[in-house]
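Biologist: I would like to learn how to read a helix in a model, one feature at a time. Could you take me through it slowly?

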Amino acid sequence: KLPRPLGGEARFARDGAGGIRLSIPYPADAPLADPHFFPADKGAKSYAGVQSFVRDGHRLIVTIADFSPPPAASLSGVLGIGPDRGLDITARPGAIPPLPETGGWRVILAALGGAILGGLLLNIMPCVFPVLSLKTMGLLRGASTPAAARREGWAYAAGVMIACMMLGGMVLGLRAGGTSIGWAFQLQSPAVVLALLALSIAITLELLGVWRLAALGMNGGLTTRQGLWGDFWSGALVAFVATPCSGPFMAGALGAALVLPTGAALAVFAGLGFGIALPFLLLGHVPALRRMMPRPGAWMERVQRWLALPMGLTAVGLIWLLERQAGMAGLLAGLAVAAGIALVLWALGRVQARETRGAGIVALALTAAITAGGVATLRQADPTAQARSAAGFSEAALAQARAAGKPVFLYFTADWCLSCKV
């Protein structure tokens with residue numbers, strides 16, 4: 001039960017992703033069961049960080065995530081190699097030869113393919129479908145030439161892919177800094193949920209015809225204005241509102257992205273965005289698909305009204321989520337923000353027909369002020385509200401079941417993830 005000395009010289013090097021790699025002499029025919037390296041030096045951001053082990057001839061390559069070795073000349077620790085068996089390791093800085101190709105590209109390509117398929121399936125989720133439908137109807141109204149349709153498709157795809165890569169880069173950066181987060185991390189913040197609620201209310205009322213988004217600026221709103229910038233920003237909006245949704249192929253792809261090298265991980269996030277944008281890209285590049293779509297007409301206004309239903313349900317779900325995350329303070333803040341923004345946009349719609357100069361800017365300022373006030377209210381929220389919501393679990397009940405020798409199945413989920421709840 002005491003570790004034996006290694007009997008050889010180990011080396012370590014930083015891997016460039018916030019972790020280290022160890023090269024440990026180890027016979028190729030020696031048994032190795034459930035290996036784990038226990039560092040004796042400080043430097044680990046998370047001692048539960050992912051460790052991977054690869055045998056390469058008579059050496060064992062250990063990769064440890066979220067670990068910054070001290071500036072000392074050596075790194076000490078114990079390598080567990082089996083039940084009650086360990087080796088006392090002292091590693092010194094040095095170059096570690098690269099591993100031979102072991103199918104890493106296949107892993108990356110599999111994750112990329114899963115991300116593209118997962119992003120494609122996201123288009124039927126209620127948080128994505130209304131915005132995608134709006135872009136499709138915009139393409140119909142614009143009667144674009146084939147070349148213009150292709151440009152619109154790629155501008156939209158660029159917005160989706162860049163937004164996905166930025167969100168993915170934030171996840172990777174924060175994880176490298178020691179924060180335990182995953183995809184859609186922003187939905188765990190009540191302030192972000194409140195901002196999404198304000199956006200959902202505004203889009204719902206715009207779909208219902210209460211106001212027109214084009215009034216927000218001299219050249220039109222970001223997501224509805226003519227030209228490539230409008231297509232780009234609508235793609236970025238889709239990527240942001242799609243993050244709480246998950247589905248087949250996507251979970252494994254994003255899980256792999258979080259342990260792949262940074263460049264490969266960003267490629268997987270870009271693949272997710274490409275999958276989301278794929279239907280609109282096909283509409284832009286395949287004239288036969290555009291010819292299959294019905295001609296513009298009065299039916300488009302009726303469809304737009306129906307699209308307000310899933311957006312309105314999204315707003316209701318966000319209000320419920322605020323109550324789950326921040327208790328009564330979150331519920332009151334959500335209702336107040338929703339009512340205030342609805343009143344401002346209703347008044348904006350009343351004055352739009354009069355062509356009142358500057359009305360859109362005033363409405364935008366009021367909407368931002370109302371949302372900021374709601375965020376300030378959330379700072380007073382009860383931080384234990386979410387913990388109390390797990391009424392079915394208690395440490396006492398768990399201890400009692402284990403003491404009685406009963407099997408225990410612990411079920412948990414995320415309120416902000418629609419697919420998780422389903």
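Biologist: How many of the 15 residues of helix 5 are buried?

Modeller: Before I answer, please note that this is a predicted model, in which local features need pLDDT of at least 70 and side-chain atom pairs count only at pLDDT 80 or more, while totals for chains, interfaces and linings use all residues. Residues are numbered from 1 along each chain as its sequence is written, and side-chain values use heavy atoms, with hydrogens and water left out. Buried means under 20% relative accessible area, with exposed over 50% and partly exposed in between, using a 1.4 Å probe and protein chains only. In helix 5, 11 of the 15 residues are buried, so this helix is largely enclosed by the rest of the structure. Among them are Gly230, Phe232 and Leu237.

Biologist: Where does helix 5 lie, and what length does it reach?

Modeller: Helices (H or I, at least four residues) and strands (E, at least two) are DSSP runs, numbered from the N terminus. Helix 5 covers residues 228-242 and reaches 21 Å from its first C-alpha to its last, close to the 21 Å expected, where the expected span is 1.5 Å times one less than the number of residues.

Biologist: How many residues of helix 4 are buried?

Modeller: In helix 4, 13 of the 18 residues are buried, so it too is largely enclosed by the rest of the structure. Its end C-alpha atoms are 25 Å apart, which agrees with the 26 Å that its 18 residues should span.

Biologist: At what angle do the axes of helix 4 and helix 9 cross?

Modeller: In general, two packed helices are described by the angle between their axes and the distance between the axes. Axes are lines fitted to C-alpha atoms, for helices over the stretch in contact, and angles run from 0 to 180 degrees between N-to-C directions. Here the axes of helix 4 and helix 9 (residues 299-352) come within 5 Å and cross at roughly 155°. That makes helix 4 roughly antiparallel to helix 9, a term used for angles over 145 degrees.

Biologist: Is Thr204 buried or exposed?

Modeller: Thr204, which has its place in helix 4 (residues 190-207), is buried, with a relative accessible area of 10%. Its side chain reaches the backbone oxygen of Ser200 at 2.7 Å. Leaving aside neighbours within four places in sequence, Thr204 is in contact (heavy atoms within 4.5 Å) with Ala308, Met311 and Gly312.

Methods: Polar contact = N/O pair within 3.5 Å; in protein donor to acceptor, adjacent residues only side chain to side chain. Parallel < 35°, antiparallel > 145°, perpendicular 65-115°, else oblique.
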